[in-house]
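Trainee: Before I trust any packing argument, I would like a close look at one part of this model. Could you take me through its surroundings and say what each term means as you go?

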Amino acid sequence: MPDILIRLLGICGLILCVIPFQFKKHKKIVLCKMTSELLFSAQYFLMGAYTGAVLDLISGLRNFLFYKFVEKKRSTTPIIVAFGLLVLVLGILSWDGWMSLLPIGAKLLTTISYGMKKERLLRFITLPSCLLWLSYNALVGAWEAMIGDSLALISILIAIYKFDILQKAQEEHT
């Protein structure tokens with residue numbers, strides 16, 4: 001039963017990991033990512049991959065706060081600084097060798113990117129985070145997350161083309 005639950009959490013996380021980048025608005029992106037990260041956190045915990053579990057759990061809270069701050073038109077800088085420091089501390093406390101650097105680096109990048117109010121910056125800064133997570137997930141055997149990271153990369157690239165390149169070109173021609 002635990003293996004089935006682990007895989008089910010991963011598959012649900014995978015679906016919600018890919019979808020958000022096709023949304024245009026910050027709110028939908030961060031709320032969908034929040035849910036995905038909470039599901040992956042549970043999966044990592046059940047797999048014994050504690051650095052990933054702790055960092056994804058904290059990131060779920062972080063994304064909720066970003067959503068609230070952007071909604072109220074408040075600066076996200078305090079959240080970026082606080083959660084950046086928290087990622088470093090929790091990464092050190094859950095240290096599992098050099099591979100812990102991968103989720104720490106990934107979470108630092110997304111702490112910056114999801115705090116951006118401009119969706120274009122969010123998409124571009126998130127790209128390298130996907131590569132770091134892809135590597136970590138390969139090392140811990142979280143194949144659903146690996147697929148999700150690969151699909152998220154593709155989804156981000158499609159969104160960049162759709163929202164940042166194509167839409168900009170259309171606006172320049174009107």
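Trainee: In which helix is the place of Gly60?

Mentor: Gly60 belongs to helix α3, which spans residues 50-71, where helices are DSSP runs of H or I with at least four residues, numbered from the N terminus. The model is a predicted one, so local features require pLDDT of at least 70 and side-chain atom pairs pLDDT 80 or more, whereas totals for chains, interfaces and linings take in all residues. Residues are numbered from 1 along each chain as its sequence is written, and side-chain values rest on heavy atoms, without hydrogens or water.

Gly60 counts as buried because its relative accessibility is 3%, the limits being under 20% for buried and over 50% for exposed, with partly exposed in between, for a 1.4 Å probe and protein chains only. In sequence Gly60 and Ser36 are 24 residues apart, yet their C-alpha atoms are 8.1 Å apart in space. If its neighbours within four places in sequence are set aside, Gly60 is in contact (heavy atoms within 4.5 Å) with Met34, Glu37 and Leu38.

Of these partners, Glu37 deserves a closer reading. Glu37 sits in helix α2, and its relative accessibility of 5% is why Glu37 also counts as buried. Once residues up to four places away in sequence are left out, Glu37 touches Gly60 together with Asp56, Ser59, Arg62, Asn63, Lys107 and Tyr114.

Glu37 also leads to the largest cavity, since it is among the residues that lie nearest the centre of that cavity, the others being Cys17, Lys33, Trp133 and Asp149. A cavity here is a set of points on a 1 Å grid over the protein atoms alone where a 1.4 Å probe fits but cannot get out, and its lining residues have an atom within 4 Å of a point. A search of the whole structure finds one cavity of 30 Å³ or more, and the largest cavity holds about 160 Å³ of space, with grid points joined across faces, edges and corners and the volume taken as the space filled by probe spheres set on the points.

The lining of the largest cavity comprises 19 residues, and helices α2, α5 (101-113), α6 and α7 (143-172) each contribute at least two residues to it. Trp133, which we met beside the cavity centre, is itself buried, as is Tyr44. To return to the starting point, Gly60 in α3 is in contact with Glu37, and Glu37 in α2 is among the lining residues nearest the centre of the largest cavity.

Note on methods: 1 Å grid on protein atoms, 1.4 Å probe; cavity = no way out; pocket = protein on both sides within 12 Å on 5 of 7 lines; lining within 4 Å.
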